[in-house]
Amino acid sequence: MTITGSERTFKERLTHRPMEQGVKVLWFLCAISSIIAIFCILGFLLYDAIPAFMEIGLIPFLTGDRWDPTSIIPKFGTVPLIVGTLLVTFGAMVFAVPLGLASAIFISELASPRLRQTLKPAIELLAGIPSVLYGFFGLVILVRLIQDWAHVSSGESVLAGSILLGIMALPTIISVSEDALSSIPRFLKEGSLALGATHWQTIARVLLPAALPGITAAIILGIGRAVGETMAVIMVTGNAGIIPDPIWNIFSPVRTLTGTLGIEMGEVAVGSLHYHALFGVAVLLLTISLIVNLLSLEVMKWLHRTQTGGKSGKKSLLQSIPVDLSFITPYLSWIVIIGCLLLLIHAGLWGGAVAVLIILTLNALVCRFCKKQQIQQIWFSGIALVMVLVVAILIFILYDIFSHGLPYVSLEFITQPPSNLGRGGGIFPAIVGTFYLILGSIALAFPLGIGAAIYLVEYTKENTLTRIIRTATDLLNGTPSIVFGLFGFTFLVIFLGFGISLIAGIITLALMVLPTVIRTTEESLRSVPDSLREGSYALGATKWQTVRRVVLPPAMPGIITGAILAIGRAAGETAPIMFTAVVFMQKRLPESLLDPVMALPYHLFVLATTVPGARNNQYATAVVLLVLVIAIYGVAIVIRNHFDRKVRW
């Protein structure tokens with residue numbers, strides 16, 4: 001009996017049906033891993049924080065004005081920690097927002113295509129520098145500059161933390177703002193130019209207002225980056241649990257929420273009131289971060305609906321506000337300016353207020369007596385100078401580290417174990433431990449992330465469950481790294497009994513990089529045209545055959561790029577592994593997954609903060625770590641650019 005093609009296809013579908021169902025269930029389990037992770041983190045943090053809330057009281061914990069757990073009568077008031085966090089975050093935004101917005105305008109509107117291809121990787125490199133390297137730079141350079149300039153006893157202060165966090169938030173603000181500006185429909189710009197407006201008038205009056213939701217989201221994400229930073233603020237803010245007196249004293253030392261967790265968790269007795277209070281601080285930090293990330297998600301949704309003209313029966317959080325605030329838009333710039341002046345005057349910073357007034361006066365005179373083209377030239381020159389400043393910051397950081405560290409990087413330094421508390425010897429165990437952590441975390445996060453993305457893109461339509469999964473993924477992505485470290489400590493190290501071990505660090509890092517793998521894989525799968533899928537189905541292939549043989553091969557470059565970016569993040573993180581996996585000194589390599597390891601970021605942190613006389617090895621360790629991260633991100637950029645040129649649908 002002859003079997004026709006349609007009968008063969010039908011039989012093949014029947015043969016593959018059990019496997020299809022099994023594969024779908026497997027990818028679904030991968031997809032809900034983000035939900036499970038975020039609820040586990042919340043659950044275990046709350047479990048350890050509730051005893052402190054019950055004994056101290058939630059209101060006294062949130063409103064107490066003194067944090068001194070080691071005094072005769074312990075004090076657990078978080079107001080100084082909240083104030084310190086808010087001060088350095090506000091200062092960081094004052095520094096980062098104007099520089100970031102000007103840089104985004106330059107890259108989007110003024111830079112040539114070739115220059116844009118150079119600047120974007122430079123900004124990505126600025127984002128890829130590990131926070132411990134920023135902290136090291138701030139400790140050895142920025143703190144001393146502030147001390148010499150202001151003639152204060154110590155440069156570790158609100159100002160140092162604000163500048164450093166501002167530099168760290170710059171890449172996020174620049175990238176998201178540039179994407180918002182670039183996504184504005186061309187007809188808006190062309191229509192403005194056709195009506196006689198100059199390029200600058202078009203940017204200021206058409207493009208910036210249209211991109212305002214995206215720029216707002218960029219600022220919110222920058223705030224989240226500043227709030228969640230740990231290692232850099234520990235190294236440059238002085239870590240004094242006080243409220244500055246007066247509050248606007250930018251040279252006062254402060255302590256942040258993240259800094260408190262990083263400093264005190266390693267020294268506290270497990271199960272003590274102090275221990276539970278620190279988990280209360282972690283819950284407070286996580287709550288703030290979740291609010292910031294949810295707000296940024298709402299703003300991005302608003303941006304998407306505004307640009308696509310889509311309508312939905314369900315209103316977003318922003319749309320549900322009962323008051324129409326559109327009448328404020330024409331006066332928004334004046335509201336911001338007046339608000340800044342009032343803040344400066346109230347803070348007693350008369351020099352800053354005078355500087356703002358001088359700038360406003362000069363702007364008014366320029367607008368009154370200069371022609372449109374001259375005004376445009378002035379603004380464009382200022383924007384170009386800002387872009388030069390941002391690139392100069394990157395070059396200066398790289399130059400300082402390489403110029404001081406390269407002379408001390410030798411074969412012996414790379415291949416020998418440390419000695420004399422890290423002042424001598426090398427960093428071979430730290431290099432190997434870093435690679436162990438990277439490979440293990442990627443081996444765990446890569447299949448989970450790819451499976452989750454395949455389920456979200458290929459096996460389900462947009463519905464409530466997929467929205468919950470994506471929201472959980474975004475919240476997991478915005479969770480401060482120190483919170484991952486605390487979760488790993490309480491769940492893996494203590495609850496599961498792994499102890500300080502390689503396996504605990506691997507799982508913790510895998511949870512941290514999982515959202516990056518999911519998101520980049522999703523974007524790669526969505527970039528594959530539907531016509532390829534339809535052609536595969538028309539030839540009788542099953543869903544999994546289509547995904548495996550048709551969709552995944554062309555999407556693989558983007559998936560690999562996402563994995564490399566995840567590797568870069570895992571290589572440079574300190575906070576997630578400092579409570580779960582690493583020790584400072586260890587001459588031998590780990591022999592099992594239950595052994596602790598050394599790691600480059602933590603080794604550099606301890607050398608820089610607690611070991612005097614180790615300056616040469618500090619810089620040499622920083623060079624090795626920076627070269628590792630630059631190489632990882634460089635490979636990702638090369639792969640992306642290669643396939644961007646090669647792929648044509």
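Visitor: What is a salt bridge?
Guide: The term covers a pair of side chains with opposite roles. One gives a nitrogen of Lys or Arg, the other a carboxyl oxygen of Asp or Glu, and the cut-off between the two atoms is within 4 Å.

Visitor: How many salt bridges does the count come to by this rule?
Guide: This is a predicted model, where local features need pLDDT of at least 70, side-chain atom pairs count only at pLDDT 80 or more, and totals for chains, interfaces and linings use all residues. Residues are numbered from 1 along each chain as its sequence is written, and side-chain values use heavy atoms, leaving out hydrogens and water. By the rule, the count of salt bridges is seven.

Visitor: Which residues are linked with Asp 530 in a network of salt bridges?
Guide: Arg 533 and Asp 530 form a salt bridge, at 3.0 Å from N to O. They are three residues apart in helix 22 (residues 530-538), so about one helical turn separates them; a helix here is a DSSP run of H or I with at least four residues, numbered from the N terminus. The network links Asp 530 with Glu 458 and Arg 533.

Visitor: Is Glu 522 buried or exposed?
Guide: Glu 522 meets Arg 519 in a salt bridge of 3.1 Å, N to O. Buried means under 20% relative accessible area, exposed over 50%, and partly exposed in between (1.4 Å probe, protein chains only). Arg 519, at 27%, is partly exposed. Glu 522 has 2% relative accessibility, so Glu 522 counts as buried.

Technical notes. Salt bridge = Lys/Arg side-chain N within 4 Å of Asp/Glu carboxyl O. Helix = DSSP H or I, 4+ residues; strand = E, 2+ residues; numbered from the N terminus.
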